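Thanks for making time this morning. I would like to walk you through one model, taking the contact between two chains before the packing inside one of them.

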Amino acid sequence: MATAPAAAMAEKESAEDGRVAEIEKRIREAFEVFDRESNKTVDARDIGCIVRSLGCFPSEAELRELLAKLVQEEEDEEATRFIHMEKFLPVMTKVLLDRSYWPIREDVLLHAFEALDENKCGYITKEDLVKYLTEEGEPFTEEEMEEMLSIALDPETDTLHYRDYLSKLVVDETKIFPFHV
Amino acid sequence: MGCNRSVPDRRSERVIKAAILIQKWYRATMARIEMRRRYSLSIFRSIEYADEQDQLQLSKFFSFMLDHYTNLDSVSPISTSPTDPQVVGECLHITEFEEKIDVPDSYYGPRLSFPLTVGDANALIHAFRNKQRLHPHYVLQLLCETRRVLKLMPNITHLSTSYSKDITICGDLHGNLDDLLLIFYKNGVPSEQNRYVFNGDYVDRGKNSLEILIILFAFFLIYPNNISLNRGNHEDYLMNLRYGFTKEVSSKYKEHSTQILYLLQDVFSWLPLATIIDNKVLILHGGISDTTNLDFLKALERNKLKSLLRPPKSAGGRHDQKEGISTTGLSKHTANQHDAGKTQHDSSLSSTEPSGSNLPAGPTQEEWKQILDVLWSDPRSQNGCKPNKSRGAGCYFGPDVTAKIFQRYNLKILIRSHEFKREGYDISHGGKVITIFSASNYYEEGSNRGAYVKLDPELIPRFVQFQSSKHTRSLNILERVGTIESSALKSLQELIYAHRSELISAFAQYDLNGTGCISVPDWAAAMESVLKLELPWRMLRPRLAQMNPDGQVDFMSCFYDLKMDQPIKEAQPALVETLCRYRKDLEIIFNIINKDNSGLISLEEFSQTWRLFTSHVGIDVQDDSLDKLVLSIDHNKDGHIDFNEFLEAFHFVHRVEEKENS
């Protein structure tokens with residue numbers, strides 16, 4: 001019968017539409033939390049937070065690229081400070097469908113910490129941590145560094161036991177706020 | 001140049017990659033924590049605004065009851081006309097209290113002597129810091145004297161910066177005494193050189209509203225030209241009934257609370273509406289509308305409006321109460337308002353208030369609207385002036401409205417309060433509008449900072465932020481957000497539980513196969529339609545309900561975390577939920593009926609009131625189910641129930657807490 005594959009196709013398409021609709025809904029929700037005046041705009045500086053809370057892990061450079069896409073045609077400087085939902089939605093939907101900036105797996109993260117742990121002793125000293133994270137890669141600001149230390153550092157030894165830290169921050173936190181709803 | 005060098009290079013490359021990865025991950029984690037903080041604040045705010053809307057609907061019911069329900073032959077002092085003679089009537093001189101209320105020798109609190117001095121003010125601060133209570137004798141004296149001086153003040157106070165260095169403006173305090181003391185600590189107490197403007201909302205929600213008022217009134221009496229106390233929308237006895245101030249006074253001053261509250265009604269109505277500095281800076285609590293007229297506001301009799309939630313009676317004219325207070329939006333009670341409105345219109349001609357020419361005329365519609373706008377409006381970035389649908393009173397005013405008013409009155413800055421701000425302050429309308437909010441930790445420990453603003457003689461604003469803290473060790477961000485979030489979720493869960501029956505039937509409509517599971521979008525749609533809160537339901541889902549392995553929501557799991565404190569077997573669940581949801585409101589209503597403050601109410605009164613209430617708010621409850629319930633509560637079968645005890649039964653408990661406490 002000719003109709004069966006067509007019906008299957010139609011079902012698959014509508015399932016796909018449903019999936020896209022759900023993704024769009026999630027994006028709207030995250031956006032609206034930052035939309036303080038309920039007028040469908042958010043401050044451009046909040047875009048990073050919105051993107052990340054939707055389960056993405058972009059680097060700072062990748063975020064800048066994304067932002068550039070969002071303010072592409074705006075000439076008015078005022079306009080570039082606020083991002084409108086209508087512009088954000090299609091861009092972000094594509095990000096989620098393409099799986100760009102996909103989450104970092106716990107084991108990959110563990111390897112990263114181990115790479116900083118020269119002597120493989122299971123911890124990193126405060127000095128080393130500060131040095132690596134404020135001098136290499138996409139450096140932390142002083143505030144970011146302080147904040148991380150306040151959660152991560154064992155105050156008695158001034159060291160970061162990264163396995164414990166990961167279990168506290170990654171495992172517990174993901175239970176609370178999973179990446180994919 | 002050799003093998004040695006490639007190893008460090010490879011290592012440093014690895015280190016850089018590792019650093020980038022950790023930074024990426026950390027920033028994402030922090031962003032998600034920020035999101036959790038933000039949605040927690042969203043939850044708090046949505047519930048608060050929805051609650052305020054309910055309150056406005058309820059105040060219509062109060063008015064309706066008070067005007068129309070003639071079966072109640074006498075009502076408690078709180079509800080009668082403000083000109084009804086009482087112990088604290090207009091003519092009572094301050095010294096008469098000395099005869100009426102004795103201060104025993106055993107009282108070690110502050111003893112005030114009028115005229116007040118700085119010593120008295122300091123004694124009060126010291127006493128309240130040590131959680132002492134001011135004797136009612138002095139409270140009443142203070143309030144009486146405050147009223148006397150306030151009456152001499154115009155509706156709009158004018159201040160000038162030419163004498164002092166700076167003027168400090170503070171926003172909402174909402175009973176947070178710690179914040180007031182912190183402000184005085186950082187900025188000094190009020191004096192001739194240290195002038196203050198307080199911008200309303202001193203009371204409700206926090207635990208020390210009365211202490212704040214006493215301290216501020218004391219300073220006002222000492223320096224009446226150097227401290228200005230604007231009225232806020234919470235300086236209103238109907239608001240106080242709902243939001244905690246009335247309860248605070250009643251529990252602190254059992255015997256004399258009625259007199260104190262009665263006098264406060266009057267005092268509040270005499271608080272000035274606005275302050276203007278150097279004819280350039282306008283300071284008022286809420287905001288403005290496109291019809292705000294400062295000359296009109298200057299001229300009206302401000303004390304005629306005891307509560308802004310009681311629309312003025314239009315003598316035989318068209319029923320236009322709806323102009324000021326919005327009846328659309330998220331209100332659930334639209335159907336019955338029209339009925340209530342009609343009867344109110346009819347009853348305006350046959351008022352239960354005593355008639356006579358010695359009664360002052362009530363406020364006009366225009367007066368009511370002008371003051372309502374000034375005390376309830378919020379600025380928005382969109383142009384225009386629209387009804388404020390989230391609060392149900394006042395307007396949203398845009399930059400064009402601000403610009404016009406500024407042009408008309410030659411103003412430079414508008415300083416207002418009324419809205420929660422995470423940093424304690426906010427600037428909008430291109431720098432023309434400043435919001436100042438001085439109640440730190442407003443929703444929960446760590447939710448926000450408070451701030452005050454200092455204006456120098458050039459009228460340049462400078463902001464000072466603060467945050468009072470219970471913890472000696474400061475929490476890290478994970479702990480802070482965790483606290484705020486769990487508090488917000490608890491409130492939301494209580495709301496969910498109070499709508500259990502409605503939610504279950506909404507869920508069931510999507511659950512065609514009766515599996516107990518529905519899709520996430522369906523669950524979200526049901527939640528939003530029943531609770532009428534615009535919240536990020538999909539994001540909140542993991543915190544509110546469990547998912548089965550197929551990715552569907554087990555909707556009954558929404559209700560696992562809570563239970564009734566004491567299970568009530570006699571009543572159907574829907575009735576129990578209704579009582580839970582309206583517990584606070586019923587408490588207020590019963591207190592109004594309860595003439596002799598005995599805490600007892602007859603079964604007859606209870607039933608009548610309940611019927612009126614449910615029909616007004618549009619709840620459908622079977623007649624006999626309530627009777628059965630009430631009879632079961634009337635333990636000694638004497639025809640009376642202790643309504644406080646009764647209402648106590650309608651109380652949720654979080655199961656997790658129970659486990660922790662056992």
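What follows is a short tour of the interface, then of some helix pairs, and then of two backbone details.

Please keep in mind throughout that this is a predicted model, and that what I quote has been computed from it.

Let me begin with the place where chain B meets chain A. On the chain B side 43 residues are in contact, and they face 50 residues of chain A. The size of an interface is often given as the accessible area lost when the parts come together. For chain B and chain A that comes to about 4700 Å², with 65% of it on carbon and sulfur atoms. If you ask which residues of chain B contribute, B:Trp25, B:Arg27 and B:Arg32 supply 19% of the area that chain B buries against chain A, which is more than any other three residues.

Now to the charged and polar pairs across this interface. Side chains of opposite charge can pair when their charged atoms come close. Between chain B and chain A the count is five salt bridges. B:Arg27, which we have just met among the contributors to the buried area, forms a salt bridge with A:Glu60, and there the closest N and O atoms are 3.9 Å apart. As for polar contacts, 12 residue pairs are found across the interface of chain B and chain A, with both residues at pLDDT 80 or more.

Which helices of chain B supply at least two residues each to the side that touches chain A? They are helix H1 (3-68), helix H14 (477-498), helix H16 (520-531) and helix H17 (537-544). H1(B) gives the most, with 25 residues. Taken by class, this side of chain B has 25 nonpolar, five polar and 13 charged residues.

H1 and H14 of chain B are also linked to each other. B:Arg36 forms a salt bridge with B:Glu485, with the closest N and O atoms 2.7 Å apart. Because B:Arg36 lies in helix H1 of chain B and B:Glu485 in helix H14 of chain B, the pair ties together parts that are 449 residues apart in sequence. Over all chains, the structure holds 33 salt bridges.

H16 and H17 of chain B deserve a second look as a pair. Their axes come within 10 Å and cross at roughly 95°, which makes H16(B) roughly perpendicular to H17(B). Among the residues making this contact are B:Trp523 and B:Met527 of H16(B), and B:Trp537 and B:Arg541 of H17(B). The contact of H16(B) with H17(B) divides into eight nonpolar, no polar and three charged residues.

Elsewhere in chain B, helix H3 (residues 118-129) and helix H6 (residues 209-222) pack at an angle of about 170°, with their axes 9 Å apart, and H3(B) and H6(B) are therefore roughly antiparallel to each other. Residues including B:Leu124 and B:Phe128 in H3(B) meet residues including B:Ile215 and B:Phe219 in H6(B). Here the division is 10 nonpolar, no polar and one charged.

A further pair is helix H15 (residues 500-510) and helix H18 (residues 573-581) of chain B, whose axes come within 8 Å and cross at roughly 125°, so that H15(B) and H18(B) are oblique to each other. B:Arg500, B:Ser501 and B:Glu502 in H15(B) meet B:Pro573, B:Ala574, B:Glu577 and B:Arg581 in H18(B). By class, that contact has two nonpolar, one polar and four charged residues.

Finally, two backbone details on either side of H3 in chain B. The peptide bond from B:Phe114 to B:Pro115 is cis, with omega near 0°, and B:Pro115 lies in the loop between helix H2 (96-100) and H3 of chain B. B:Lys131 has a positive phi of about 60° although it is not a glycine, and B:Lys131 is found in the loop between H3 and helix H4 (136-152) of chain B.

How values were computed
Residues numbered from 1 in each chain as written. Chains lettered and ligands numbered in written order. Predicted model: local features only at pLDDT ≥ 70, side-chain atom pairs only at ≥ 80, totals over all residues. Heavy atoms only, no water. Axes fitted to C-alpha atoms, helices over the stretch in contact; angles between N-to-C directions. Helix = DSSP H or I, 4+ residues; strand = E, 2+ residues; numbered from the N terminus. Parallel < 35°, antiparallel > 145°, perpendicular 65-115°, else oblique. Contact = heavy atoms within 4.5 Å. Nonpolar A, V, L, I, M, F, W, Y, C, P; charged D, E, K, R; others polar. Buried area = accessible area lost by both parts, 1.4 Å probe. Salt bridge = Lys/Arg side-chain N within 4 Å of Asp/Glu carboxyl O. Polar contact = N/O pair within 3.5 Å; in protein donor to acceptor, adjacent residues only side chain to side chain.
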